[in-house]
Amino acid sequence: MAETKQRRALITGISGQDGYYLTRFLLERNYEIHGIVSCRAPGIGEAGERLYYADLSDGSNLGQILDKANPDEVYNLAAQSHVRLSFDLPQYTANVTGIGVLRMLDAIREYQQRAGKQVRFYQASSSEMFGKVVESPQTESTPFYPRSPYACAKVYGYWQTINYRESYDMFAVNGILFNHESPKRGEAFVTRKISKAVARIKLGLQDKLSLGNIDAQRDWGFAGDFVEAMWLMLQRDVPEDYVVATGQVHSVRDFLDASFGHVGLDWADLVETDQNMFRPAEVDILCGDASKAREKLNWQPKVSFEELARMMVDHDLELARQEAGQ
Ligand code: F7E
C-alpha cells in the first residue's frame, strides 16, 4: 500500500486559543505542525510543534520560516485581536491585524515560486467586520460596516486575501468566524473574564466583577468546534469564503446567568458596570447564518451555549482551587 505523505501546517498565532485547538486537531490527522510565536523563544512546543519567532508587524523573516517549514497549509491566526484595545492602539492594530495579512500573502506568493508548489492559505476573518449590521442574520454576502480599528483592519485583510486569490490564482480563503470561546480564551475577553470571576468569587478569592456593556449580544460557539471548519475549508477543491457560527444569539447577561447559575450564585449583587469598559463605538448584536458551511463543508457546531459556560467555569474552578491552595 502506498504511504501517504505527511502534510505540514504552519500556524501563525499558535500560542493563542485557536492555535491550541487547531494544533491538536491537526496532530490527530497526522500533520507535522510548525508555528509562529511573537513572544517567546523558538524551539519545540508542548505538543511537539516546531516554533519560530516572528511578528506580523515585520515581514523580514517570513520567507525563511516558510522555507524551513515547507508547509502545505498556512493558517493565519495571528492578530492584535482585542477590540477594546484596538481603540487605544489603532496604528499597531492596523499594522499587525491588517497589513500583517498582506505580508504573509506576499511571503507565500514568493515561496510558492521558489518551492514550485501551491500552498493553501486560511485567513482568520471576523464577524466584527459586520459591525453595525445591515441585515440579520449575517451571511457571506452581507455588506461590512466595521465599528473599530480592529474590524477595519480585518476588513483590509479579508479583501487582500480575495485579491491574492483572484490576482495570483492562490488557494486563499476567509473563514468569517463569529465569537468562539473555551477554557483557553484570553482573560481579557468577556466570557473568560466572567468564568474566571465566577470561580474566584465562589472560592472567596474575589468580591465583585466589573464589566462594560452587558446588553451586548453575540453568537457564541466553542473554539474546539470552530477550528474544524478552518481545516475543512482548505480541503475543498475550490477556494471560497465561509461564515462559521452557531446561529444562536445570547447577551452578556445570559452568559452571566449561565455561569453564575452553574455554581448556585445570583450575579445581581456581584456585578457592577464600569463606564471605562464601554467602547467608543459598540457592536450591539451579531448573529451568523452558517448554512453554506453546513451544506458545503458538512460542518456544524456540537457544544451548546450552556455547555460552553459550564465547561469554562469548571476549568476556572480548578484553577481557583489551586490558587486557594485547596
Ligand atoms: O466582547 C462586551 C463587549 O471582548 C464581547 C474577539 O475575539 O470576537 C471577539 O470580539 C462583548 C462586547 O469579544 C466587557 O463590549 C461587556 O460587546 O469578548 P469580547 P468581541 O469584542 O465580540 C470577535 C469575533 C473577534 O474577532 C475578536 O478578535 O462583551 N463586554 N463587558 C465586555 N467585553 C470585554 N472584553 N470586557 C468586559 O468587561
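This report covers the ligand site, two helices, several loop residues and the unusual backbone geometry of a predicted model.

## Ligand site

The ligand is surrounded by 23 residues. S81, S126, Y150, R279 and E282 are the closest of them. By type, the shell divides into 10 nonpolar, 7 polar and 6 charged residues.

Polar contacts to ligand oxygen atoms come from both backbone and side chains. A polar backbone atom of V190 lies 2.9 Å from an oxygen atom of the ligand. R218 places a polar side-chain atom 2.9 Å from a ligand oxygen. For E282, an N or O atom of the side chain is 2.6 Å from an oxygen atom of the ligand. Taken alone, the ligand exposes 700 Å², and the protein buries 95% of that.

## Helix α1

Helix α1 runs from residue 17 to residue 28 and has 12 residues. From first to last C-alpha it reaches 17 Å. That is close to the 16 Å expected at 1.5 Å a residue.

Its buried residues are Q17, D18, G19, Y21, L22, T23, F25 and L26. The cover over them includes strands β1 (8-12), β2 (32-37), β5 (73-76), β8 and β11 (221-222). Helix α7 (223-234) is also part of that cover. After α1 comes N30, with a positive phi near 65°.

## Helix α7

α7 also agrees with the expected helix span, because its 12 residues should cover 16 Å at 1.5 Å a residue and its end C-alpha atoms are 18 Å apart. The helix is mostly covered, with 10 of its 12 residues buried. These are A223, D225, F226, V227, A229, M230, W231, L232, M233 and L234.

## S182 and its surroundings

S182 sits in the loop between β8 (180-181) and α6 (190-202). Its relative accessibility is 0%, so S182 counts as buried. A polar atom of the S182 side chain lies 2.9 Å from the backbone nitrogen of K184.

Beyond its neighbours within four places in sequence, S182 is in contact with Q17, Y21, R192, F222, A223, L308 and M312. Two of these partners, Q17 and Y21, are among the buried residues of α1. Another, A223, is one of the buried residues of α7.

## A309 in helix α10

A309 belongs to helix α10 (residues 305-323). With a relative accessible area of 0%, A309 is buried. Leaving aside neighbours within four places in sequence, A309 is in contact with F255, A258 and S259.

The C-alpha atoms of A309 and R192 are separated by 9.1 Å. Along the chain, these two residues are 117 residues apart.

## T139 and N61

T139 lies in the loop between β6 (120-126) and α5 (149-168). Its relative accessibility is 18%, and T139 therefore counts as buried, the cut-off being under 20%. Outside its neighbours within four places in sequence, T139 is in contact with F130, V243 and D289.

N61 is found in the loop between β4 (50-53) and α2 (62-69). At a relative accessible area of 23%, N61 is partly exposed. Setting aside neighbours within four places in sequence, N61 is in contact with Y53 and A54. The C-alpha atoms of N61 and N179 are 31 Å apart, with their positions 118 residues apart along the chain.

## Backbone exceptions

Most residues other than glycine have a negative phi, and most peptide bonds are trans. The peptide bond from S136 to P137 is cis, with omega near -5°. P137 sits in the loop between β6 and α5. T139 is found in the loop between β6 and α5 too.

N70 is not a glycine, yet has a positive phi of about 50°. It lies in the loop between α2 and β5. N70 is partly exposed, at 29% relative accessible area.

N298 also has a positive phi, near 55°, and is a residue other than glycine. Its place is in the loop between α9 (291-297) and α10. With a relative accessible area of 69%, N298 is exposed.

Terms used:
Residues numbered from 1 in each chain as written. Predicted model: local features only at pLDDT ≥ 70, side-chain atom pairs only at ≥ 80, totals over all residues. Heavy atoms only, no water. Helix = DSSP H or I, 4+ residues; strand = E, 2+ residues; numbered from the N terminus. Buried < 20%, exposed > 50% of the residue type's maximum accessible area, 1.4 Å probe, protein only. Polar contact = N/O pair within 3.5 Å; in protein donor to acceptor, adjacent residues only side chain to side chain. Contact = heavy atoms within 4.5 Å. Expected span 1.5 Å × (residues − 1). Near = heavy atom within 4 Å. Areas by Shrake-Rupley, 256 points an atom, 1.4 Å probe, with all protein chains shown as cover. Nonpolar A, V, L, I, M, F, W, Y, C, P; charged D, E, K, R; others polar.
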